[in-house]
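Work through the exercises below with the sequence and the model side by side. Try each task before reading its solution.

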Amino acid sequence: MSLLHLWHGWGMHPSAWNDLAALLTPRGIGARAPALPGYAGTAPAAPYTIDALVDTLLADLPAPITLCGWSLGAMLAMYGAQRHPKKIGRLILIGATPSFVQRPGWPHGITTQALVEFSKAVDSDPKSALKRFIALFNQNDVNSRSIGRALTGSELPCSAVLSAGLALLRDTDLRELVPKIAQPTLLLHGGHDPLMPLAAATWLASTLPQARLEVFPDAAHVPFLSAPACCAKLMEDFIHA
């Protein structure tokens, strides 16, 4: 059985992968969904840096694995693929971007000011802020209501972990690293993703040395919940190619 690790996004819970994992098992893919450090009762990384997160998640794993990351998890996966190339044989990136915020030469993200304002909302009332965040990234998804119900109500990490994750999203820019990622890569992206615009995935597809992009025209930021069967089939074909 092929081994697949699934890394979730900021503010989310590893249970977000449950439906997809159930579809992958009968396809000969053993899916594991570890919590990011500090989530689901796990110890936070100290210091909370991208190096520490990736090193913790990849410690003591059999190699090579297929690594699938969603959102923040996709950024960590790209970084991990370059930092630990012998441990990762293939990459699947869902709702991915090399830079979450806008920067010189990179318009395909949110503004730094918008992230500052959202960070303040998280500090004030993390539960309400996360609920609004989920509603935002599901905008224009054909299955937005069911996705919102599936993602709302999970256990939240502590405020310090949420804030550290937002700082990581603010400071991380992987554009120079992307051309060095040698692993075959499957990009799965919603055509209506308001957080990681489709242009970000198109850039990744053209810049990663071995990448293929599959767009879900009716999905937003969570295509694996919007169209799980299609997602599972694409992943199966890629892993078993």
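The exercises treat a predicted model and go from its core to its charged pairs and then to a loop residue.

**Exercise 1. The core**

Task: Find which helix gives the most to the largest nonpolar core, and list the contacts of Leu76.

Solution:
- Step 1. The largest nonpolar core has 83 residues. Those with the most contacts inside it are Leu4, Trp10, Trp70, Leu76, Ile92, Leu151 and Met235.
- Step 2. Helix 3, residues 72-83, gives the most to this core, namely eight residues.
- Step 3. Leaving out residues up to four places away in sequence, Leu76 touches Trp7, Leu36, Ile50, Leu53, Val54, Leu57 and Leu168.

**Exercise 2. Salt bridges of Arg83**

Task: Determine which residues form salt bridges with Arg83, and which parts of the chain these pairs tie together.

Solution:
- Step 1. The structure holds eight salt bridges.
- Step 2. One of them joins the side chains of Asp51 and Arg83, with an N to O distance of 2.8 Å. Asp51 lies in helix 2 (residues 50-58) and Arg83 in helix 3, so this pair ties together parts that are 32 residues apart in sequence.
- Step 3. Arg83 also forms a salt bridge with Asp55, and the closest N and O atoms are 2.8 Å apart. Asp55 is in helix 2 and Arg83 in helix 3, so the parts tied together here are 28 residues apart in sequence.
- Step 4. Asp51, Asp55 and Arg83 are thus linked in a network of salt bridges.
- Step 5. For exposure, the range between 20% and 50% relative accessible area counts as partly exposed. Asp51 has 26%, Asp55 has 27% and Arg83 has 35%, so each is partly exposed.

**Exercise 3. A bridge between loops**

Task: Locate the two residues of the Arg103 and Asp173 salt bridge in the chain.

Solution:
- Step 1. The closest N and O atoms of Arg103 and Asp173 are 3.8 Å apart, which is within the 4 Å cut-off for a salt bridge.
- Step 2. Arg103 lies in the loop between strand 4 (88-94) and helix 4 (112-124), and Asp173 in the loop between helix 7 and strand 5, so the pair ties together parts that are 70 residues apart in sequence.
- Step 3. Asp173 is partly exposed, at 33% relative accessible area.

**Exercise 4. Glu176**

Task: Decide whether Glu176 is buried or exposed, and place it in the chain.

Solution:
- Step 1. Glu176 lies in the loop between helix 7 (159-171) and strand 5 (185-190).
- Step 2. Its relative accessibility is 72%, so Glu176 counts as exposed.
- Step 3. The C-alpha atoms of Glu176 and Leu67 are separated by 21 Å, and these residues are 109 residues apart along the chain.

Note on methods: Residues are numbered from 1 along each chain as its sequence is written. This is a predicted model: local features need pLDDT of at least 70, side-chain atom pairs count only at pLDDT 80 or more; totals for chains, interfaces and linings use all residues. Side-chain values use heavy atoms; hydrogens and water are left out. Helices (H or I, at least four residues) and strands (E, at least two) are DSSP runs, numbered from the N terminus. Buried means under 20% relative accessible area, exposed over 50%, partly exposed in between (1.4 Å probe, protein chains only). A nonpolar core is a set of buried Ala, Val, Leu, Ile, Met, Phe, Trp, Tyr and Cys residues joined through side-chain atoms within 4.5 Å. Contact means heavy atoms within 4.5 Å.
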